[in-house]
Amino acid sequence: MKPVVFQRASTLEEALFLLAPPQPEATVLAGGTDVMVWIRSGGFHPARVVDISPLRAECARIVEREGQIAVGALCTHAEMASSPLLREKLPLLAEAAASVGAPPIRNRGTLGGNIGGSSPAGDMLPVLLACDATVVLQSAGETRRIPYSRYCIGYRKTVRRSEELITEVVFPLPAPTALARWYKVGGRRAQACSKVNLAAVGALDRQGQVAFLRLGIGSCAATPVLMENVAGQLVGCYLSKEAIDGVIPAISRDISPIDDPRSTARYRSLVAQNLVIRFLEELVATATAT
Amino acid sequence: MGFIGQSIPRTDGFGKVTGQATFVDDLCLPDMLFGATIRSDEPHARLERIEWDPDFDWSSIVRVDASDIPGRNAIFLEQWDQPALAQDVIRHHAEPVALIACADRELLETARKHVTLVTRPLDPLFDPEEALTSEIKIFGEDNLFKQIEIEKGDAPGAMKSAWRVVEGEYRFGYQEQMYIETQGVIAVPGEDGGVTVHGSMQCPYYVLKALTPLLGLPPEKVRIIQTTTGGAFGGKEEYPSMLAAHAVLLALKSGRPVKMVYDRAEDIAVTPKRHPGVIRHRTGVDREGHLLAQEVEILLDGGAYCTLSPVVLGRAAIAAGGPYRCDNLKVLARMVATNKPPSGAFRGFGGPQAAFGVERHMDRIAEEFGVSPLEIRRRNLLQIGDTTATGQQLKDSVGIGEVLEKVAEISDFENRHRAYQHQPAKERLRRGIGLAVCFHGGGFTGAGETWLASKVDLELTSRGGVSIHCGSVEMGQGRNTVFSQIAADALGIDLALVQTPPPDTATCPDSGPTAASRTTMVVGRLVSDAAENLLARMTELLAQQAGVQLDAIHYGQGAFHWEGQDLPFGEAALQLHESCGLVRARAQFVDRDGMVWDPQTYRGDAYAAYSWAAIATEVELDMDTCMPRITRVVAAEDIGKAINPLSVEGQIQGGTLQGLGYGALEEVKMENGRFVNYRMTDCLIPTAMDVPDMEVVIVERPYQHGPAGAKGLGELPTDLPAPALAAAISQAAGFRFDEIPVTPERIAARLTQGKEGA
Amino acid sequence: MNIWMIVNGERREVDVPPMKRLLDTLREDLNLTGTKEGCGEGECGACLVLVNGQAVNSCLVATGQVQGAEIWTVEGLASSPEELTDLQSAFLTYGAVQCGFCTPGMLMTAHAYLRHNPDPTRDQIREAISGNLCRCTGYQKIVDAIEAVAKRRQTEPGEAP
């Protein structure tokens with residue numbers, strides 16, 4: 001077996017150079033929580049690895065600018081979970097990050113890695129969908145900004161080109177009136193891959209009609225899914241009991257869960273329904289209370 | 001003041017908190033090769049030949065197949081049916097067929113891909129219910145490894161006079177031991193044609209007895225040394241014999257040490273797990289809710305080879321009726337063969353399956369009678385003077401009533417159970433509480449201990465102390481500390497003077513397997529006996545040296561006294577060690593209980609002493625996600641005497657969590673005869689977040705022949721959490737769950753089924 | 001590739017393939033076998049070490065990534081009975097150790113965590129050790145040990161190793 005070419009980028013510029021053609025395609029390594037496992041257990045043999053972990057100075061910041069929150073791709077889950085800025089302005093992301101794996105995984109796993117792998121169970125991804133976040137891809141030649149809703153296009157398949165690096169994710173700040181909730185259902189209470197995860201953001205207008213609704217759900221299809229059928233059916237409507245109950249067929253149209261070693265399609269469908277309905281009921285309850 | 005009864009920190013703790021303890025994978029020998037196993041990819045097939053890719057350079061790889069086995073190709077336990085390497089027929093997925101070894105691990109992995117097994121597929125048999133009548137034959141003519149029938153009184157007759165007959169069926173899946181240290185051994189060839197095996201194991205003498213016929217070597221040429229063992233729980237009772245056989249075959253062929261340590265995926269995919277199966281109960285009850293007749297049918301899936309399955313079945317059969325008084329009982333228990341990896345020993349050893357069946361059934365009886373689960377048990381518990389399923393009369397040491405009442409009181413069972421019956425149906429978070437009781441016999445079944453004839457040696461050391469030599473291992477359960485406490489008290493010396501070297505078959509007698517909750521109760525007693533024999537031997541030698549009569553010397557307060565002289569133990573030990581060389585004393589098991597046992601009819605005294613336990617668990621069930629959260633665990637366990645209360649609590653807490661995992665979390669899924677969730681990511685065990693602090697009560701009803709009254713402990717706590725947890729979840733969900741694990745998926749399936757039906 | 005790091009306070013150099021797991025480098029090249037492998041996929045925490053003060057699974061770290069890093073393993077805690085850290089001692093006296101295979105990783109987690117949160121609740125301790133699987137103890141005595149050390153450090157400050 002050929003030895004792996006290992007290259008350590010010390011600056012973003014260097015990383016982009018190492019990824020640029022004519023060099024052959026490389027595997028980007030950051031926290032290693034996916035790549036090291038694939039190599040060990042998945043029969044994955046990369047020819048070349050570019051380690052971007054030294055880029056933290058450039059790519060691990062969490063800042064607010066122009067009404068948006070920019071989170072560097074090398075931010076770890078632990079950093080997102082404890083960031084005062086996120087906890088104040090984007091608690092949904094902090095909460096989701098805090099629910100990933102267990103402390104040692106959160107100390108290593110990064111936002112960029114979660115997006116790069118785009119596992120259907122990735123816990124950050126429904127949040128990106130619910131918040132309509134944009135992934136910033138840089139290459140030596142250009143910078144592309146792609147909403148995550150158009151980023152993952154198949155099972156672990158994304159639009160990232162091999163010369164591009166995920167450097168940042170930009171989250172528009174949700175409206176102050178919006179209700180945001182994170183639900184994670186794993187096999188146990190820690191250190192668990194999600195069987196279903198749901199990030200939900202929504203708000204009612206003054207008349208009590210749904211002003212907007214974005215639901216990102218994971219582990220219920222080949223990719224994380226933005227539940228457009230549900231939103232399409234409910235935006236502009238009153239959330240009466242009938243309206244909420246009537247959303248179940250739309251939920252079924254949005255997702256296509258399967259049986260796998262972790263769970264069953266039947267379970268995932270039921271939990272997806274229950275969690276969406278729970279969110280809608282909370283939305284009504286919160287609006288009624290204020 | 002003695003050491004028994006005190007919470008002494010474990011004597012092997014220092015190495016474990018500093019990283020100095022040597023586990024097998026920490027050993028690295030000169031010229032060592034790494035071994036790997038070539039396994040079948042089919043559940044049932046005829047093996048035509050093994051193809052070694054002629055274009056691959058095999059020069060630096062050692063290759064072994066069945067033709068390299070010098071003796072009999074079998075791993076002997078109960079039967080000779082399981083080959084070390086498959087020959088002619090493959091009977092389960094991942095069955096070992098050939099072995100390779102190489103100094104370079106990367107090359108080893110590459111080489112593995114250049115071996116092809118040429119096979120002709122055979123129809124596989126997966127369903128244990130079809131095993132007896134199937135055309136497919138795996139074991140004998142009927143695929144029956146063992147059948148046990150127990151008859152007490154006249155169950156069919158008594159059933160006719162019952163006021164009501166309650167029937168139920170209870171199912172349970174595989175459970176993986178998931179010791180954190182995977183299986184591993186190193187085999188070292190000797191210059192005399194013999195071999196030494198270092199490894200993580202429970203039973204060095206099982207390995208010895210498996211290797212000698214396999215290699216055609218006399219026992220003195222095979223030496224087994226236990227390395228620090230990172231958890232076992234039954235999982236390292238039988239499989240190390242297989243792994244050692246493989247490493248030894250490679251070592252003998254290569255003439256070099258060979259290390260084989262499984263990675264987690266291989267460990268989960270191929271090593272034996274707790275037997276899955278089904279238990280059916282039919283119980284006749286009188287108007288007062290007393291059990292008149294019990295009929296129980298047990299079917300366990302043994303997988304492709306016999307391993308220890310008949311003994312597991314025996315445990316299950318004896319425990320099938322539960323710790324209840326019933327004069328008429330009939331048990332039909334069967335262990336059948338299927339084309340799956342063999343099932344095997346796991347803490348509880350048939351007990352958890354039996355307890356799950358009978359305890360869920362008692363809940364069903366309570367429901368039908370409209371009495372509480374506590375009340376139905378109170379009315380039927382065994383008491384002193386009653387007879388067990390095998391007709392054994394209980395004479396003493398019966399703490400079942402006490403443990404049940406303690407748990408009922410602490411958990412406030414009746415009030416909570418009643419309150420949760422009336423909780424609002426629509427709540428998202430619903431609560432439930434469940435209860436279970438059980439018993440577990442200490443030691444080998446029936447005449448097993450007499451047959452084992454276990455031996456323990458105590459030897460004076462050059463430091464003026466003693467060392468304990470026997471085949472029982474420390475695997476985390478506390479053997480070293482407990483044995484040290486027992487020996488120190490028996491000798492009246494300081495704990496620091498007692499050493500517990502790891503078992504080595506060259507220097508330690510066979511004290512039987514480290515299993516069956518027997519180490520403290522049976523072997524611990526032998527430690528105490530050996531200490532007395534050692535004192536007698538020392539007295540004899542001192543009398544000779546001092547030229548006095550034997551009875552002129554007496555021992556007390558840690559010193560020998562005669563004619564105005566006081567010779568402390570340590571000084572005497574040093575003096576004798578120097579003057580006499582090796583001073584050793586042995587104790588061998590003798591049956592002090594006068595046990596009478598018929599292995600054919602399963603009638604008689606099944607165990608010298610029983611331990612008793614009760615548990616209550618509470619859950620909060622999220623009806624949206626069907627995820628139960630365990631909110632309370634109260635357990636009381638009568639173990640005769642807690643030699644080391646700290647260690648006892650640790651055993652109870654750890655064993656309880658394994659039992660809770662069995663009840664609602666842990667699931668090894670199988671498709672077409674192979675385990676599909678063979679990674680730790682998918683084969684879950686509880687984390688620290690999955691359980692609350694447990695409330696543990698130790699009850700001490702001494703067994704007169706145990707060391708200081710101690711009875712078996714290791715397995716008891718694992719036997720009973722599953723039915724209690726299933727009961728709690730059932731109450732919370734409003735549906736009865738009689739199959740474990742009660743996973744959220746099962747709950748969801750049941751809830752949606754209910755909705756469809758409504 | 002030549003890689004240097006500060007391991008348990010000492011500068012060490014190794015020449016290993018850069019993608020070699022830090023776990024293997026520690027065990028095979030630096031002979032620090034106290035760090036254990038339980039799963040090889042970041043699930044069990046037996047291989048947990050501190051890298052620049054952070055608790056990480058060394059099976060998920062490529063050695064090439066720790067060039068110049070500060071690494072602490074269980075061997076860096078104490079090696080003689082007189083020098084045991086408060087956590088090591090508490091693990092013994094509170095019965096937090098049974099088979100001992102998860103213990104090195106568990107101890108490293110506890111050391112890092114108490115620095116980060118010196119006064120945790122029992123639930124917080126449970127969360128802190130949720131990436132370290134233990135099959136023997138049921139976790140309760142591990143929580144007892146860590147809680148006791150935290151309490152003792154609160155009353156006797158100034159000795160946080």
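Domain bounds here come from an automatic or database domain assignment. With that in mind, start with chain C, which splits into domain 1 (2–76) and domain 2 (81–155). The C-alpha centres of these two domains of chain C lie 21 Å apart.

Before going on, a quick word on the model. It is a predicted one, where local features need pLDDT of at least 70 and side-chain atom pairs count only at pLDDT 80 or more, while totals for chains, interfaces and linings use all residues. Residues are numbered from 1 along each chain as its sequence is written, and chains are lettered from A and ligands numbered from 1 in the order in which they are written.

Back to chain C. Domain 1 puts 16 residues into its contact with domain 2, and domain 2 puts in eleven (two residues are in contact if their C-beta atoms, placed from the backbone, lie within 7 Å). On the domain 1 side, β3 (48–51) and β4 (54–57) of chain C each supply at least two residues (strands are DSSP runs of E, at least two residues; helices are runs of H or I, at least four; both are numbered from the N terminus). The largest share of that side, three residues, comes from β3(C). By class, the domain 1 side has nine nonpolar, six polar and one charged residues (Ala, Val, Leu, Ile, Met, Phe, Trp, Tyr, Cys and Pro count as nonpolar, Asp, Glu, Lys and Arg as charged, and the others, Gly among them, as polar).

Now step out to where chain C meets chain B. This contact takes 44 residues from chain C and 42 residues from chain B. On the chain C side, α2 (86–93), α3 (103–116), α4 (122–128) and α5 (140–155) each give at least two residues, and α2(C) has the largest share with four. That side divides into 21 nonpolar, 15 polar and eight charged residues.

Inside chain B, look for helix α4 (residues 204–215) and helix α5 (residues 239–254), which pack at about 45° with their axes 9 Å apart (axes are lines fitted to C-alpha atoms over the stretch in contact, and angles run from 0 to 180 degrees between N-to-C directions). α4(B) and α5(B) are therefore oblique to each other (not under 35 degrees, over 145, or 65 to 115). Among the residues that meet are Y206(B) and L211(B) in α4(B), and P240(B) and V248(B) in α5(B). This helix contact divides into ten nonpolar, one polar and no charged residues.

Finally, chain B also touches chain A, with 23 residues from chain B and 20 residues from chain A. α19(B) gives the most to the chain B side, with five residues.
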